[in-house]
Each structure stands twice: as C-alpha cells, then as structure tokens.
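Colleague: Could we go through this model together, taking a few local features in turn and settling each one before moving on?

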Amino acid sequence: MTGVLQVSDLPRAPGVYVFHGEGNLPLYIGKSIDIRSRVQSHLRNPDEVRMLSQTRRIEAIETAGEIGALLLESQMIKTQSPLYNQRLRRVKKLCSLQLIDEPDGSKVSWVDDQTVQPGITPDLFGLFSSRKAAKDKLQSLAQQHRLCLQLLGLEPANQRGCFGWQTKQCAGACTGHESRADHDRRLRDALRDLQVHTWPFAGAVDVVEKRGDWLQKHRIHNWGYAGTWCSKRNDFIDKHLNPTGFDADCYQILLKPVLLQTLEIQSIST
Ligand SMILES: [Zn+2]
C-alpha cells in the first residue's frame, strides 16, 4: 500500500467507505457506524491482503445515521459493482410465493415480478432470485409443516393421496383426514414470517435521520430508494434514482424502521 492511505484522517462516524485501486477503480464498498475502526479492521485482516495490496486510496462518505449508510452502500454497490463485494449484487428477477384464496381453498404459485408487483401485490411471501428457489422453499415448508404436496401444486392429483401422505409427511388434507380449512390455516401460518409487506403509505415518504444539527431525509417510495436530501447541501444527493421501483435491499433495510416507526417519517405532498 502507498503512503496516500491515511487511516487516521478517516472519520469516527457513520457512513460509507470505498477502497479505490489503480485508476480509481472501486475495489470494495462497505458501511459502518464508525468508518475509521471498520477500515482498521480491514487492514488487520490477513484474508484481505490481496485487496489491500491493490488499494491506492480510501474514500469516506459520512452520513447522518446508519440507515443512510446502508441505503448508500447498497445503491453504490449496485451501480459500481466493486471487484471484491460478493453480496448485494443486483438481482435480475425477483420471485415470490403468491397465495390466492379461491372458493375451493388457497392456491400457492411461484411467481416473478413480471406478473406481480412486490410492495403492491398483497399475499406475496419470500424474495427469491429464481422461481425454482421459491418452489424449493415451498417444498421445504411442506415437509416442515406436514402440508399436502397435491394441494400445494407440487404434485399432480392422485386419489390415493400425495406422496407425503404415503410417507407420513402430509397431515392428510388430500385424503380427507384433515379439513381443507385446517390445512389452509396451517399453510398461512407457515408462510407468515416470509410475508412481503405492502408499502403502507399513499405515496413517497421521507425517513429522517439527524446527527447534531445535520439532517438527512431519505426519500422512499414502494420500498425503493429515491435519494437523500442533505441539509449540508440543501439539496438531494443522487436524485436520478427511479423512485417507484421496489428494491429488495431497500426493503430489508427499511422494513423494521418503517413498521416500528423507530425513525421519524414524513409524508410527501406532491
Ligand atoms: Zn397430501
């Protein structure tokens, strides 16, 4: 590493840091609530020797809080694709399980965002990168909760009952040993933790973070990040982002703060 690197100049504050290589190429982008100590731990990590030997400069972008750091990190990784970041790559297709109540019982299907809109379509469960991954999850839930493979559409109808019934892994909704209503109630319970929450506001909101008299407002619409307004600039950082698209990373980052209202949320009048 060269002498250009001055870790002692990095802030002990929340934000995003970037390891830059030759020609300003981004090698790694990370976030922390304490940028300096996080970068120091990279420097002590023997597994990262290769990346560190390529590093020419470390950049720090302070944020007013942790949510701003998470949103910025996720957005920068997607747009800059750093060499050493493994996670948070852009997912091409978002898939889910969809539960639809029909007169003869609940039906589950594995769908993608060509046909449903995460954040808007109700009764979606799980966010997967392929329809196969969604179907595999349903298969494992069926096993765990003794649900019926036939009723879930994982197996063609068969009068002798599903394969699970024959191996005692289905509670018997296919053979009349369990009522359809009981089966469907257990299905909904099994899916509950995977629920993709619909956007609970009429339009865009600002999620507010403060540090001292520094104010940042992260504009979010349908679990998509539309940029951050910063009081230091009295303007937006990155206002070019698509404000209406559902984003799985943004969803994970904001689900708790939005549902539990742990941060101030201001609705936008447009
Ligand atoms: Zn069955």
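Colleague: In which loop is the place of Q261?

Modeller: This is a predicted model, and local features are taken up where pLDDT is at least 70. Q261 is not a glycine, yet its phi is positive, at about 50 degrees. As for its place in the chain, Q261 belongs to the loop between helix 7 (248–259) and strand 11 (264–267).

Colleague: R146 is not a glycine either; what is its phi, and where does the residue lie?

Modeller: Most residues other than glycine have a negative phi. R146 lies in the loop that runs between helix 4 (131–145) and helix 5 (163–166). Although R146 is not a glycine, its phi is positive, with a value of about 55 degrees.

Colleague: Is R146 buried, partly exposed or exposed?

Modeller: The class depends on relative accessible area, with buried meaning under 20% and exposed meaning over 50%. R146 has a relative accessibility of 42%, which lies in between, and therefore R146 counts as partly exposed.

Colleague: Turning to the metal site, which residues are the protein donors of the zinc ion, and how are they spaced in sequence?

Modeller: The protein donors are C148, C162, C170 and C174, each through its SG atom, and they lie 2.3 to 2.4 Å from the zinc ion. Two of these residues, C170 and C174, are buried. Read along the sequence, the donor residues follow the spacing C-x13-C-x7-C-x3-C.

Colleague: Why is the arrangement of the four donor atoms around the zinc ion called tetrahedral?

Modeller: Four donors count as tetrahedral if all angles lie between 85 and 135 degrees. Around the zinc ion the four donor atoms subtend angles of 103 to 113 degrees, so the criterion is met and the arrangement is tetrahedral.

Colleague: Where is A173 found, and what separates its C-alpha atom from that of L151?

Modeller: A173 is found in the loop between helix 5 and helix 6 (180–191), and A173 is buried because its relative accessible area is 14%, where the limit is under 20%. Along the chain A173 and L151 are 22 residues apart, and their C-alpha atoms are separated by 7.8 Å.

Colleague: In helix 6, is A181 buried, partly exposed or exposed, and how far apart in space are A181 and Q144?

Modeller: A181 is found in helix 6 and has a relative accessible area of 46%, so A181 is partly exposed. In sequence A181 and Q144 are 37 residues apart, and in space, C-alpha to C-alpha, the two are 19 Å apart.

Colleague: What is the volume of the second largest pocket, and which residues are the closest to its centre?

Modeller: The second largest pocket has a volume of about 270 Å³. Of the 17 residues that line this pocket, the closest to its centre are I61, E62, Q216, R233 and I237.

Colleague: Which element gives the largest share of the lining of the second largest pocket?

Modeller: Two or more lining residues come from each of strand 3 (57–62), helix 3 (66–80), strand 8 (214–221) and strand 9 (224–230). By class, the lining of the second largest pocket holds seven nonpolar, six polar and four charged residues. Domain 1 (9–80) and domain 3 (205–267) each supply at least three residues to this lining. The largest share, four residues, is that of helix 3.

Colleague: Finally, is F19 buried or exposed, and how far apart in space are F19 and Q117?

Modeller: F19 is found in strand 1 (residues 15–20), and with a relative accessible area of 0% F19 is buried. F19 and Q117 are 98 residues apart in sequence, and their distance in space, C-alpha to C-alpha, is 36 Å.

Technical notes: Residues are numbered from 1 along each chain as its sequence is written. This is a predicted model: local features need pLDDT of at least 70, side-chain atom pairs count only at pLDDT 80 or more; totals for chains, interfaces and linings use all residues. Side-chain values use heavy atoms; hydrogens and water are left out. Donors are N, O and S atoms within 2.8 Å of the metal (3.2 Å for Na, K and Ca); water is not among the atoms, so sites may look incomplete. Four donors count as tetrahedral if all angles lie between 85 and 135 degrees; four count as square planar and six as octahedral if opposite donors are over 155 degrees apart and all others between 65 and 115; anything else is irregular. Buried means under 20% relative accessible area, exposed over 50%, partly exposed in between (1.4 Å probe, protein chains only). On a 1 Å grid over the protein atoms alone, a cavity is a set of points where a 1.4 Å probe fits but cannot get out, and a pocket is an open set with protein on both sides within 12 Å along at least five of seven lines; lining residues have an atom within 4 Å of a point. Grid points are joined across faces, edges and corners, and a volume is the space filled by probe spheres set on the points. Ala, Val, Leu, Ile, Met, Phe, Trp, Tyr, Cys and Pro count as nonpolar, Asp, Glu, Lys and Arg as charged, and the others, Gly among them, as polar. Domain bounds come from an automatic or database domain assignment.
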